[in-house]
Structures are given as structure tokens and as C-alpha cells.
Amino acid sequence: MHKRTKKWWAAVIGAITLVCAGAGLWHTVRSQPLSTLAGPVQRSLKLGPTIDRLVGNTHFKGMIIAIRQGKVAVVGHYGEADTTLHEPNSADALFPIASMEKTMTATLVAQLIREGKLNYNTRLSKFYPAVPGSSDITIRELLNHTSGLFMDEIAPDQELTSDAAAINYTVHNVTNTKDKQFSYTNANFVLLAGIVDQITGQTFYQALKQRVLDPLKMAHTFDAQHIPHGSVVAQGYQFTDKDYVPEVLDPKLVSSLLGTGSIYMSITDMATFQLALSDGRLLTRPQFVELTQRPSPDSSYSGGFFIGDNNNRVVVGMYDDFPNSFKTYFQADQRNTAGVLIFANESTGMNIQDLGEQIMGVL
């Protein structure tokens, strides 16, 4: 992670402590009710004029889902996924999800802990002794970004075509600062994905498919290198003085982000996952609470989420060298009584977190 990104995350952490869910309902305006998600879809709530004006003023292009009372209410769609093919952003379009993937990696780890195959105090040295200081690093510290490990988010010289290659790239480039304060670095979750590989004997994507995607019937989630031909794949754009200025995401970078930014998926699949994670379908309620508990009053990151003072959970995802295109955002309270999920493929006129919080304020 670059120094400028570390400053950006520091701002995120500070802002998250102020996050709170608002009250009210979404009023009627153009929207696309969902019938493809598992479980009932609440059809009476629509994206409203307030939200529409807010989003319209930001040059936002992408998808927005509203969650009410543990259900997907509606999905709003803005702009095109691919201007060359004139493909609109849609409920099934595939977006690279950046750091939102960390919540999925953490879920697999929590499932393995439930099965007694490791625990939160297991040492990294059991799996990757070559990592500097690994005997003093626990699974919990990896999940909370308090391991002391550090590694810049820099694309390798060539695309990495296997889990082993991505893990080896991390093992040979990560350093140990020995500082156990919060420090956000993708290396923590690449190593967690590698631990999933070692314990299950599968690739990370195979384990994810068996344990999460297939049980939840998530049919629009793929490893970046195995997206089916014919899929609608969102392209990255930035706004300069006009919409849709291309900002192409480097596949070499994506290939290095195993477990932390290498998955493409639809917004509907992500909504399905986030609801299932906290309603007992993937983890029991006590297991979910344990995974997402705040490490301390001074640290707010746990198990893939930032946890606000009111226990809202928040994810903000982006790619360091491509900050003007793909961004993901999720915020919900612990019981999913209110939530918002955003997938963007063009830069907005405001920080994606600010946009998400303003939308939450009218839910």
C-alpha cells in the first residue's frame, strides 16, 4: 500500500467512527426490483428522487442496492458497464470487488475455525515459516491488520497464473515492521487465502465455490482468470471533463491479490453473501460476532470489516493505482435492518464512503 493510500485509509478509519444509520423509507422513482436473489425480495421500496439527485450530481456509474429488514429492497442502475459494447450496468454485470473480497476470505477462515482446523491464536509459522517473524503472528492479527506485516500494492512483472504464484510473490516481498498497531496491507489476506488452500487442499476459488457460492446459488462470481466467455464485465472509467474516460485495471495487479481483490462478481451475488454472512447461513450468530468484534476501543477493523461505534460494519474497496474507476462500498447494521451496497465503475464527484453514508441517511 502506497503512502498516499495509507493516509486515505486513516481518513476512512476516522470517518467510520461517525457512521450511523438513518431512518425513513425510499420513495418511488426508476429502479429495478430483484427477483433473482435467493429469499424474498421486498418490492414496495424504490430508489427515490433524493437518492437519484444525489447520485446524479456525482457522475456515478454503477449499481446501488438498498437493504431493509434483512432483505434486498431494490437495485438502482446507472450508466454503462462497457461503452464499446453498449452494455448497461445491470444486476448480473461482473465487477472487480477489490477489498470487499476480504470479507469472503475471513468467512472461509471462520468456517475452518468452527471445524477445529485452526483457531484465532494459531501462528502463521505453522503455514508460512518463511515469512519474517511468522512465529509471533496469529490468525487474529492477520484478520485485523495488526500483524506488523507490510507490502506495497505493486503489480508483479508478469501475470501470476496460480494461487501458489500469488502466495509466493507475497511471501518473498512482504516485510515485518514488528509494529502491532493497525496497518492495512493486502499481504495479510493473501496469506490467509493461502492458509485456506493448505487446509482444504483446494484452490481458494474452489473452496469459496464449495463453501459459499454453490450453497447460496451465487452464479455470478468468478476468479478473474476464469470469467466465462460472454459474461457482461464492467470496464473501468474515470470522469475528467466528460464521462467514460477509460482507466483499465491491470490484470497483473489483480492476479497478485489472491483473497483480497482477485474476484469479479455481480452486485446481487454480493448482496446475497452479505445477508447470508450475518443471518446464520454461513456462520452462526456467535461465530459472526466473534469474527467481527472490535479488537479494542482504539482499533476498528475486524474480519474484513471496519466496525463503527454503533456496530455498523463497513467495507470500502479500491485499487491503489486505479483510484478513479472501480470502487466498492458496503455498510449495514449488525442485523441488516438497513444497509447499502455500491459497485462503481467510474469516479464520482465525492468520496464513495461519503456517498454511501448519505444514502444510508435516507434509508
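**View 1. H6 and H7 cross roughly at right angles, so they count as roughly perpendicular to each other.** This is a predicted model, and the same goes for the other views. Helix H6 covers residues 187–200 and helix H7 covers residues 204–213. Their axes sit 9 Å apart, with a packing angle of about 75°. Since angles from 65 to 115 degrees count as roughly perpendicular, the label fits this pair. On the H6 side, the contact is made by Ala193, Val196, Asp197 and Thr200. H7 brings Phe204, Ala207 and Arg211 to meet them. Sort these contact residues by type and you get 4 nonpolar, 1 polar and 2 charged.

**View 2. H7 also packs against H3, and this pair is roughly perpendicular too.** The axes of H3 and H7 come within 11 Å and cross at roughly 75°. From H3, the residues to look for are Glu101, Met104, Thr105, Leu108, Gln111 and Leu112. From H7, they are Phe204, Ala207, Leu208, Arg211, Val212 and Leu213. The contact of H3 with H7 divides into 8 nonpolar, 2 polar and 2 charged residues. Phe204, Ala207 and Arg211 of H7 turn up here, and they also take part in the contact with H6.

**View 3. Three strands make an open sheet, in the order E5-E11-E8.** The pairing is antiparallel. Strand E5 (95–96) and strand E8 (221–223) are the edges, each pairing on one side only. H7 shows up again here: it packs on the sheet and touches E8 and E11. The direction of H7 makes about 165° with that of E8. E8 and strand E11 (residues 263–265) run antiparallel and are joined by 3 bridges. To find your place along that pair, look for Asp223, which stands opposite Ile263 in E11.

**View 4. Helix H9 is largely enclosed by the rest of the structure, because 12 of its 12 residues are buried.** H9 runs over residues 267–278. Among the buried residues are Ile267, Met270, Phe273, Leu275 and Leu277, but also Asp269, Gln274 and Ser278. The helix length checks out as well: at 1.5 Å a residue, H9 should span 16 Å, and its end C-alpha atoms are 17 Å apart, which agrees. Just after the helix, Gly280 takes a positive phi of about 100°.

**View 5. Strand E14 is buried in 6 of its 6 residues, so it is largely enclosed by the rest of the structure.** E14 spans residues 313–318. In a regular strand the side chains alternate between the two faces of the sheet. Which residues of E14 are on each side? Arg313, Val315 and Gly317 are on one side, while Val314, Val316 and Met318 are on the other, and both faces are covered. Strand E13 (residues 305–307) pairs with E14 in the antiparallel sense over 2 bridges, with Ile307 matched to Arg313. The two strands form a hairpin with 5 residues between them. In that turn, Asn311 has a positive phi of about 70°. E14 also pairs with strand E15 (residues 327–332), again in the antiparallel sense, over 6 bridges. There, Gly317 has Thr328 as its bridge partner.

**View 6. Two loop residues, Ala98 and Asn336, have a positive phi without being glycine.** Most residues other than glycine have a negative phi. Ala98 has a phi of about 50° and lies in the loop between E5 and helix H3 (101–114). Is Ala98 buried or exposed? Ala98 is buried, with a relative accessible area of 2%. Asn336 has a phi of about 60° and is found in the loop between E15 and strand E16 (338–346). Asn336 counts as buried as well, at 3% relative accessibility.

**View 7. Met350 lies in the loop between E16 and helix H11 (352–360).** With a relative accessible area of 22%, Met350 is partly exposed. Leaving out residues up to four places away in sequence, Met350 touches Leu54, Thr58, Leu355 and Gln358. Val55 is worth finding as well: it is 295 residues from Met350 along the chain, yet their C-alpha atoms are separated by 9.6 Å.

Note on methods: Residues numbered from 1 in each chain as written. Predicted model: local features only at pLDDT ≥ 70, side-chain atom pairs only at ≥ 80, totals over all residues. Heavy atoms only, no water. Helix = DSSP H or I, 4+ residues; strand = E, 2+ residues; numbered from the N terminus. Expected span 1.5 Å × (residues − 1). Buried < 20%, exposed > 50% of the residue type's maximum accessible area, 1.4 Å probe, protein only. Axes fitted to C-alpha atoms, helices over the stretch in contact; angles between N-to-C directions. Parallel < 35°, antiparallel > 145°, perpendicular 65-115°, else oblique. Contact = heavy atoms within 4.5 Å. Nonpolar A, V, L, I, M, F, W, Y, C, P; charged D, E, K, R; others polar. Pairing = 2+ DSSP bridges.
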